[in-house]
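Trainee: Could you take me slowly through one helix of this protein and then show me how its surroundings are described? I would like each term explained as it comes up.

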Amino acid sequence: MPNNYQALRSLPSIEALSLKLEAACPLPRALVTAFIQQEISRTREQILEGASPSREQIEQQISQSLQAFADSRLQAVINATGVIIHTNLGRSPLGQDAAKRLTEIATGYCNLEFNLPEGTRGKRAGYLETALAALLDAEAATAVNNCAAALVLTLRYLCQGDKKEVIVSRGELVEIGGGFRIPEILETSGATLVEVGATNKTHLKDYAKAITPQTAMILKVHRSNFYLGGFTEEPDVRELADLAHEHKLPLVEDIGSGAMMSTEDLAPIEHEPTPQQALRNGIDLVCFSGDKLLGGPQSGIIAGRKDLVAGIKQEPFFRAVRCDKLILTVLQECINTYLHTRSHPQKTDVPTLNFIAASTESLTTRAETIIQSLPAQLQASCTISQNTARTGGGTMPQSSIPSICISLTPENGSVTRLSKRLRAHTPAVVGSIEEGQLKLDLRTVFPHQDPVLGNAIRSALGE
Ligand SMILES: *Cc1c(COP(=O)(O)O)cnc(C)c1O
């Protein structure tokens, strides 16, 4: 017991420790005090259970957890992973025009639901919906908080009364990540899943046989994050659309990523299906994410038949998943960019697309410039090597994009430590460790960040 008694006495006072740690910590004072209070009572419990840390150990431990807590605030990160739509790093960065407009709208009032010419109450997102429909060649379109919400909303609207059955191929019962599983999404939406076909093969007649008076719709889901190869078969979408329409059923597709252009024209990668194509093939409604290949804000877009989109907007649940003015602003600017670039294709302000399209020659030149900016003795720890970048975000799992990285080999200390130091830099730099080297892929780094990246490398490699 004497040992423990000593340890209890070594617990620092909350005020004293707050004063000491607060100075070096960017968090609000009240939060620092509350955090320390919690940590001290946790340490007290550990002591009562037999631990006997010294005051120095206690203070060091608390100081470290406070730093980790402070680091968990949302903050800017330099993405040097080469994964373009990195879900953990916030998916798609926005273009400058969208960001500028966002600041303008965020810091003042706007005509969110106000008709300026008339001076009366106006339609929320009216402009955006028209612009989206024009871009997608759709009769109508709308936007909600994310693609998961778009799908739930569509299912809730189409599955009503005794018509609740939704027919889905067994090859499309996917899990996207972050808890998005088609069977569970159907269940929470009040739909009854009717699985047809086999994992690798589903025929038109499988769908036809499953149609009953209780069928609400046929659902197709894009296999975004995996691929099916070998002995596989699925019916042509146009035939499936004909079948659905003969039975007066809507055919809906969750297309996932929403590429607006031919992805194969940007880089040596696969063709990702586009919503435009899906609608041309007879799909009645498509839904997709705004922050994957579209390169916009987190949102879910629903487009297709006018009567269905109008009905969906009348659903009470629509209110629960509608976008706020900030998202609507950014999405509007992003869609405007696409509509503009139809006439000026060289002028894209969608960083996601620019990252995919950057040439390895330009990345190599940038890598050379960054390395040359370092002191000679640090340059020895850097090499330029080839790397493999990915679109990420659960899109195009088969596609790898040839890329260029700066590989760092620390002179002294481990590569894990080097990587930790770069993550502790402001702004934080996130790379990947491979074969004992830290790789910083330049494909996902904005060219304007190169000098900052150079400084981060210099301070992480130097002592
Ligand atoms: C990514 C994805 C989703 C989920 O989209 P969120 O916008 O993240 O909700 C749904 N379906 C498919 C096919 C996807 O690829």
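**A close look at helix α7**

Mentor: Helix α7 has 12 residues, and from its first C-alpha to its last it reaches 16 Å, which is close to the 16 Å expected at 1.5 Å a residue; the expected span of a helix is 1.5 Å times one less than its number of residues. Helices (H or I, at least four residues) and strands (E, at least two) are DSSP runs, numbered from the N terminus. The model is a predicted one, in which local features need pLDDT of at least 70 and side-chain atom pairs count only at pLDDT 80 or more, while totals for chains, interfaces and linings use all residues. Residues are numbered from 1 along each chain as its sequence is written, and side-chain values use heavy atoms, with hydrogens and water left out.

At the start of α7, a side-chain oxygen of Asn146 comes to within 3.3 Å of the backbone nitrogen of Ala148. A polar contact is a pair of N or O atoms within 3.5 Å; within protein, one must be able to donate a hydrogen and the other to accept it, and residues adjacent in sequence count only if both atoms are side-chain atoms.

The helix is mostly covered, since 9 of the 12 residues of α7 are buried. Buried means under 20% relative accessible area, exposed means over 50%, and partly exposed lies in between (1.4 Å probe, protein chains only). The buried residues of α7 are Cys147, Ala149, Ala150, Leu151, Val152, Leu153, Thr154, Leu155 and Leu158.

One neighbour of α7 (residues 147-158) is helix α12 (residues 306-314): the two axes come within 9 Å and cross at roughly 100°. That crossing makes α7 roughly perpendicular to α12. The axes are lines fitted to C-alpha atoms, for helices over the stretch in contact, and angles run from 0 to 180 degrees between N-to-C directions. Angles under 35 degrees count as roughly parallel, over 145 as roughly antiparallel, 65 to 115 as roughly perpendicular and the rest as oblique.

Where the two helices meet, α7 brings Leu153, Thr154, Tyr157 and Leu158, and α12 brings Asp307, Leu308, Gly311 and Ile312; contact here means heavy atoms within 4.5 Å. The residues of this contact of α7 with α12 divide into 5 nonpolar, 2 polar and 1 charged. In that count, Ala, Val, Leu, Ile, Met, Phe, Trp, Tyr, Cys and Pro are nonpolar, Asp, Glu, Lys and Arg are charged, and the others, Gly among them, are polar. Leu153, Thr154 and Leu158 are thus found both in the contact with α12 and among the buried residues of α7.

It helps to set this helix beside another one. Helix α14 (residues 325-341) has 17 residues and reaches 24 Å from first C-alpha to last, close to the 24 Å expected at 1.5 Å a residue. Its buried residues include Leu328, Val330, Leu331, Glu333 and Asn336, and the buried residues of α14 pack against α5 (96-106), α6 (126-136), β5 (140-144), β13 (300-304) and α15 (351-357).

The loop between α6 and β5, two of those partners of α14, holds Asp137. This residue has a positive phi of about 55° although it is not a glycine, and Asp137 is exposed, with a relative accessible area of 58%.

A contrast is offered by Ala259, in the loop between β11 (251-256) and α11 (275-280), for Ala259 is buried, with a relative accessible area of 0%. Leaving out residues up to four places away in sequence, Ala259 touches Glu272, Pro273, Thr274, Pro275, Gln276 and Leu293. Gln276 is itself found in helix α11 and, at 10% relative accessibility, counts as buried. Apart from neighbours within four places in sequence, Gln276 is in contact with Leu135, Leu136, Ala259 and Met260.

Finally, the whole protein gives these parts their setting, with 19 helices and 18 strands. Its C-alpha atoms fill a box of roughly 80 × 60 × 55 Å, taken along the principal axes, and buried residues make up 48% of the 463 residues. Among the contacts in the protein with a separation of 6 or more, 74% are between residues 24 or more positions apart.
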